[in-house]
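Dear colleague,

I am handing over a structure that you have not worked with before. Please have a look at it first, and then read the notes underneath.

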Amino acid sequence: MSTVDNARFATALWARRALGAEGSRTVFLVTCEWHMPRAKKHFAREGLEVIGVPAKRPDGVLPRGLTELALQVRERVAAWLDEVPK
């Protein structure tokens, strides 16, 4: 349901699937360029070495400047929520 959950569950899946790759903790993380810094942080917290592969973002319905502003606000709020104890 969240980036934190995705990192946790993907790491558990990686651990089960990577049995033949002893010691390998490097993964490719594909996500939007605006989401990459926060996503990489959460995957790294789970103990993975992350190589970011930014996906091309589709053009939105808002003018580019407003889209960028909206994405920045979204990521800042999400980063704050990631740190709120549950």
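What follows is a short account of what was found, going from the whole chain to one helix contact and then to two residues in it.

Please keep in mind throughout that this is a predicted model. The protein chain has 3 helices and 2 strands, and these elements, when read along the sequence, follow the pattern α-β-α-β-α. Of the 86 residues in the chain, 27% are buried, while the accessible surface comes to about 6,300 Å², with 64% of that area belonging to carbon and sulfur atoms. If one takes the contacts between residues at least 6 apart in sequence, 47% of them join residues at least 24 apart.

The helix contact to look at is the one between H1, which covers residues 3–17, and H2, which covers residues 36–45. In general, two packed helices are described by the angle between their axes and the distance between the axes. Here the two axes come within 9 Å and cross at roughly 40 degrees, and that angle makes H1 oblique to H2, since angles under 35 degrees would count as roughly parallel and the perpendicular range begins at 65. The crossing in which H1 passes H2 is right-handed. On the H1 side the contact is made by Thr3, Val4, Asn6, Ala7 and Ala10, and on the H2 side by Arg38, Ala39, His42 and Phe43; sorted by character, these residues divide into 5 nonpolar, 3 polar and 1 charged.

One residue from each helix can be followed further. Alanine 7, in helix H1, has a relative accessible area of 1% and is therefore buried, the cut-off for buried being under 20%. Leaving aside residues up to four places away in sequence, alanine 7 touches His42, Phe43 and Glu46. With the last of these, glutamate 46, the C-alpha to C-alpha distance is 6.8 Å, although the two residues are 39 apart in sequence.

Arginine 38, in helix H2, is also buried, with a relative accessible area of 8%. Not counting residues up to four places away in sequence, arginine 38 touches Thr3, Arg74, Glu75, Ala78, Ala79 and Asp82. Valine 4 lies 34 residues from arginine 38 along the chain, and the C-alpha atoms of these two residues are separated by 9.5 Å.

With best regards

How values were computed
Residues numbered from 1 in each chain as written. Predicted model: local features only at pLDDT ≥ 70, side-chain atom pairs only at ≥ 80, totals over all residues. Heavy atoms only, no water. Axes fitted to C-alpha atoms, helices over the stretch in contact; angles between N-to-C directions. Helix = DSSP H or I, 4+ residues; strand = E, 2+ residues; numbered from the N terminus. Parallel < 35°, antiparallel > 145°, perpendicular 65-115°, else oblique. Left-handed = near helix turned anticlockwise from the far one by under 90°. Contact = heavy atoms within 4.5 Å. Nonpolar A, V, L, I, M, F, W, Y, C, P; charged D, E, K, R; others polar. Buried < 20%, exposed > 50% of the residue type's maximum accessible area, 1.4 Å probe, protein only. Areas by Shrake-Rupley, 256 points an atom, 1.4 Å probe, with all protein chains shown as cover.
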